[in-house]
Amino acid sequence: MSLSSSVVALGYVVIESAQSEAWRRFGAEVLGAAVDSDGKSLQLRLDDRPYRMIVIPSEREHLHSVGWEVRDAASLEALVSSLESAGVECERASAGEAFRRRVGDLVRLRDPSGNRLELFHSPLLANTRFVSPAGVAGFVTGDMGLGHVVMPAPNYQETTAFYEERLGFQLSDRMRLGTDEDGAGGVQLRFYHCNPRHHSLALMQAPHPAGLVHLMVEVPDLDEVGYALDRCQRGEVPISATLGRHTNDKMVSFYMKTPSGFDIEYGFGGVRLDVGCVSTSEITSVSDWGHDFSVGFRK
Ligand SMILES: [Fe+2]
């Protein structure tokens, strides 16, 4: 697949929530985002873009969609025409809808597990300095995008094929957890890159009640992870996993529970890959040390 018709970065996530006030507090005081509102939805800003997360009013707590960035208008056209010729339904947003998302153009579609995607190009910039209300020095974004998402993919074979063959994601590695002695059963994951970040996307062979397993945001030094841990405790935000280092991307991180029930991984020091270096190796453990997820199930 040519680069001109591939996704290049994770742009943003849109979240449906009935808990706007909880998100405003969590976003500003714990995550460290600059939170703005248009009276209906919240925009959580982490860098020079006007937002990286949008919280829209809803009666349910669920991921609405993931925004994936492509290089330019020609790339979006090439991608959409290849998706449509493969039978994927693509809905083109109006110019007004694209402008309200602060992008040049926008196309909506679903993956084979039913997850909603928005493909876009040419984001508008905020052109004012990002100032974190929690004093976070900044987030590691730029050409590597917002961070990474781990998406539920109960329809695993078709969904992995869709991201690999239709959207151009490159396999970084795989993981299988909880198998029996013959390697059967358990849960499989695939980790994908579309820029030097080890993974911008992972697909997990399981459903998730919130439609998103977790979103990872990266900060530029270890102290920022420690400060975020302190803010979680002060804000009484539940920790879903203790501090640890992942086996594959070597990220030192912890996980916190958002008001909508999915986790945010807050990390530092993820490895960078050469784009296009595909690995098929399979890792067998989530972490070198730490990341005790049992804390998330304790009362
Ligand atoms: Fe992660």
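Two residues are in contact if their C-beta atoms, placed from the backbone, lie within 7 Å. Helices (H or I, at least four residues) and strands (E, at least two) are DSSP runs, numbered from the N terminus.

This is a predicted model, in which local features need pLDDT of at least 70, side-chain atom pairs count only at pLDDT 80 or more, and totals for chains, interfaces and linings use all residues. Residues are numbered from 1 along each chain as its sequence is written.

## Domains

The domain assignment gives domain 1 (3–121) and domain 2 (142–297). Such bounds come from an automatic or database domain assignment. The domain centres, taken over C-alpha atoms, are 19 Å apart. Across the boundary, 32 residues of domain 1 are in contact with 37 residues of domain 2. On the domain 1 side, β1, α1 (20–31) and β5 (62–70) each supply at least two of the touching residues. The largest share, 9 residues, comes from β1. By class, this side of domain 1 has 19 nonpolar, 8 polar and 5 charged residues. Here Ala, Val, Leu, Ile, Met, Phe, Trp, Tyr, Cys and Pro count as nonpolar, Asp, Glu, Lys and Arg as charged, and the others, Gly among them, as polar.

## The sheet

An open sheet is formed by 10 strands in the order β17-β10-β11-β12-β9-β13-β16-β15-β14-β18, with mixed pairing. At its edges stand β17 (282–283) and β18 (287–290); each has a single partner strand, so one side of each is left without a neighbour in the sheet. Two strands count as paired if DSSP finds at least two bridges between them. Strands of a sheet pair through backbone hydrogen bonds, either parallel or antiparallel.

Three of the pairings are set out here.

| Strand pair | Sense | Bridges | A bridged or opposite residue pair |
|---|---|---|---|
| β9 (148–152) and β12 | parallel | 4 bridges | V149 and L201 |
| β11 (187–193) and β12 | antiparallel | 4 bridges | R190 and L203 |
| β13 (214–218) and β16 (263–268) | parallel | 5 bridges | H214 and D263 |

Strand β12 (residues 201–204) takes part in two of these rows. L201 and L203 point one way from β12, and A202 and M204 point the other way. All four are buried. A residue is buried if 20 or more other C-beta atoms lie within 10 Å of its own, exposed if 12 or fewer, and partly exposed in between, with C-beta atoms placed from the backbone. In a regular strand the side chains alternate between the two faces of the sheet.

## Helix α4 over the sheet

Helix α4 (residues 156–166) lies across β10 (170–177), β11 and β12. Its direction is at about 165° to β12. Axes are lines fitted to C-alpha atoms, for helices over the stretch in contact, and angles run from 0 to 180 degrees between N-to-C directions. T159, T160, F162, Y163 and R166 of α4 are buried. Their cover includes α2 (73–85), β11 and β12. After the helix comes G168, with a positive phi near 80°.

## The nonpolar core

A nonpolar core is a set of buried Ala, Val, Leu, Ile, Met, Phe, Trp, Tyr and Cys residues joined through C-beta atoms within 7 Å. The largest one has 76 residues, and V149 and M151 touch the most other members. Strand β1 (residues 7–17) gives this core its largest share, 7 residues. The core draws at least three residues from each of domain 1 and domain 2. Beyond its neighbours within four places in sequence, M151 is in contact with N115, L201, L203, M204, L212 and V213. In soluble globular proteins, nonpolar side chains tend to be buried together.

## Loop residues

R101 is found in the loop between α3 (95–100) and β7 (105–110). Is R101 buried or exposed? R101 is buried, because 22 other C-beta atoms lie within 10 Å. Apart from neighbours within four places in sequence, R101 is in contact with L106 and F120. D223 is 122 residues from R101 along the chain, and their C-alpha atoms are separated by 33 Å.

R102 is placed in the loop between α3 and β7. R102 has a positive phi of about 65° although it is not a glycine. With 19 C-beta neighbours inside 10 Å, R102 counts as partly exposed.

S122 is in the loop between β8 (116–121) and β9. Its phi is positive, near 55°, in a residue other than glycine. S122 is partly exposed, with 15 other C-beta atoms within 10 Å.
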